Every structure is written in structure tokens, then in C-alpha cells.
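Please look over the sequence and the model below before reading on. The report that follows moves from the chain as a whole to its charged pairs, its rings and a few single residues.

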Amino acid sequence: MENIRREEEKKEGRQEYCRRCGKGVSSDEIAMTRKLINRGTKTSYCIDCLADMFEVKREEIEQKIVYYKRMGCTLF
């Protein structure tokens, strides 16, 4: 039932969830997923899962988000 509700929310543009752990993701996390994985991806990952997948610390992902925002990346 939870999965059906999440799919409905996605269609309505309300909330995205991490594909790996199911936690809600922010717009920055969605942008970072697209930056690191693929601009056209429809899936999203939270910062913790991105850090785990790329074998870096969470802080490094957070620093990159700040960096890309300052550089004017259109994804952010």
C-alpha cells in the first residue's frame, strides 16, 4: 500500500524517495543524483546512499552540492 501511495505522490510531483533506502529526498539530493549518475535519470538517491555508492563521506557530497550551486549549475 505504501508503494502505491508513493507512486501516486511521484505522479503528482509531491515527493521523491531514495530508490535505495526509501527516505524522502530534497531537491539538492535529486540534483546531485542527476549530476553524478545521469542527467536524465528518473530515480533519486539520498546523500547517504550516494556517499555509500561512490565510497566517499557524506560531507564530501554536501561540499559538492555547495560547489555546484556556487558555480551556477542549472541542476541546482
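Among contacts in the chain between residues at least 6 apart in sequence, what percentage join residues at least 24 apart? In this predicted model, the share of such contacts that join residues at least 24 apart is 40%.

**The chain as a whole**

The chain has four helices and two strands, and along the sequence these elements follow the pattern α-β-β-α-α-α. The chain has 76 residues, of which 29% count as buried. Helix α2 contributes several buried residues, namely Glu 29, Ile 30, Ala 31, Met 32 and Thr 33, and the elements that cover the buried residues of α2 include β1 (16-17), β2, α3 and α4.

**Salt bridges**

The whole structure holds five salt bridges, and three of them are set out here.

| Pair | Closest N to O distance |
|---|---|
| Arg 20 and Asp 52 | 2.8 Å |
| Asp 48 and Lys 23 | 3.5 Å |
| Glu 62 and Arg 58 | 2.9 Å |

The salt bridge between Arg 20 and Asp 52 ties together parts that are 32 residues apart in sequence, because Arg 20 lies in the loop between β1 and β2 while Asp 52 lies in helix α3. Arg 20 counts as partly exposed because its relative accessibility is 45%, and Asp 52 counts as partly exposed with a value of 47%.

Asp 48, which forms a salt bridge with Lys 23, is likewise part of a link between distant parts of the chain, with Asp 48 in helix α3 and Lys 23 in the loop between β1 and β2, 25 residues apart. Both partners are partly exposed, Asp 48 at 37% relative accessibility and Lys 23 at 39%.

Glu 62 and Arg 58, by contrast, both lie in helix α4, four residues apart, about one turn of the helix. Glu 62 has a relative accessible area of 31% and so is partly exposed, and Arg 58, with 30%, is partly exposed as well. Lys 23, Asp 48, Arg 58 and Glu 62 are linked in a network of salt bridges.

**A buried acidic residue**

Which side chain of opposite charge is nearest to Glu 29, and how far away is it? The nearest one is Lys 23, at 4.9 Å, and Glu 29, although buried, has no salt bridge. Glu 29, which is placed in helix α2, does have a polar atom of its side chain 3.1 Å from the backbone nitrogen of Ile 47. Apart from neighbours within four places in sequence, the residues in contact with Glu 29 are Gly 24, Tyr 45, Cys 46, Ile 47 and Leu 50.

**Aromatic rings**

There are two aromatic pairs in the structure. In one of them Tyr 67 and Tyr 68 meet edge-to-face, with 5.3 Å from centre to centre and 65 degrees between the planes. In the other, Tyr 68 and Phe 76 are stacked, with 6.0 Å from centre to centre and 15 degrees between the planes. Tyr 67, Tyr 68 and Phe 76 thus belong to one aromatic cluster.

The members of the cluster can also be described by their accessibility. Tyr 68 counts as buried because its relative accessibility is 17%, whereas Tyr 67, at 42%, counts as partly exposed, and Phe 76, at 25%, also counts as partly exposed. Lysines accompany two of these rings: Lys 35 lies over the face of Tyr 68, at 4.6 Å from the ring centre, and Lys 64 lies over the face of Tyr 67, at 5.2 Å from the ring centre.

**Residues in the loops**

Is Ser 44 buried or exposed? Ser 44, found in the loop between α2 and α3, is buried because its relative accessible area is 3%. A polar contact of 3.4 Å joins its side chain to that of Glu 16, and, leaving out residues up to four places away in sequence, Ser 44 touches others including Tyr 17, Val 25 and Ile 30. Ser 26, in the loop between β2 (24-25) and α2 (27-36), is partly exposed at 33% relative accessibility. The C-alpha atoms of Ser 26 and Ser 44 are 9.4 Å apart, and the two residues are separated by 18 residues in sequence.

Glu 55 lies in the loop between α3 (47-53) and α4 (58-71) and is exposed, with a relative accessible area of 72%. Its phi is near 55 degrees, a positive value in a residue other than glycine. Most residues other than glycine have a negative phi.

Note on methods
Residues are numbered from 1 along each chain as its sequence is written. This is a predicted model: local features need pLDDT of at least 70, side-chain atom pairs count only at pLDDT 80 or more; totals for chains, interfaces and linings use all residues. Side-chain values use heavy atoms; hydrogens and water are left out. Buried means under 20% relative accessible area, exposed over 50%, partly exposed in between (1.4 Å probe, protein chains only). Rings of Phe, Tyr and Trp (its six-membered ring) pair if their centres lie within 6.5 Å; planes under 30 degrees apart count as stacked, over 60 as edge-to-face and the rest as tilted. A charge sits over a ring if NZ of Lys or CZ of Arg is within 6 Å of the ring centre and within 35 degrees of the ring normal. Lys and Arg count as positive and Asp and Glu as negative; His and the chain ends are not counted. A salt bridge is a side-chain nitrogen of Lys or Arg within 4 Å of a carboxyl oxygen of Asp or Glu. A polar contact is a pair of N or O atoms within 3.5 Å; within protein, one must be able to donate a hydrogen and the other to accept it, and residues adjacent in sequence count only if both atoms are side-chain atoms. Contact means heavy atoms within 4.5 Å.
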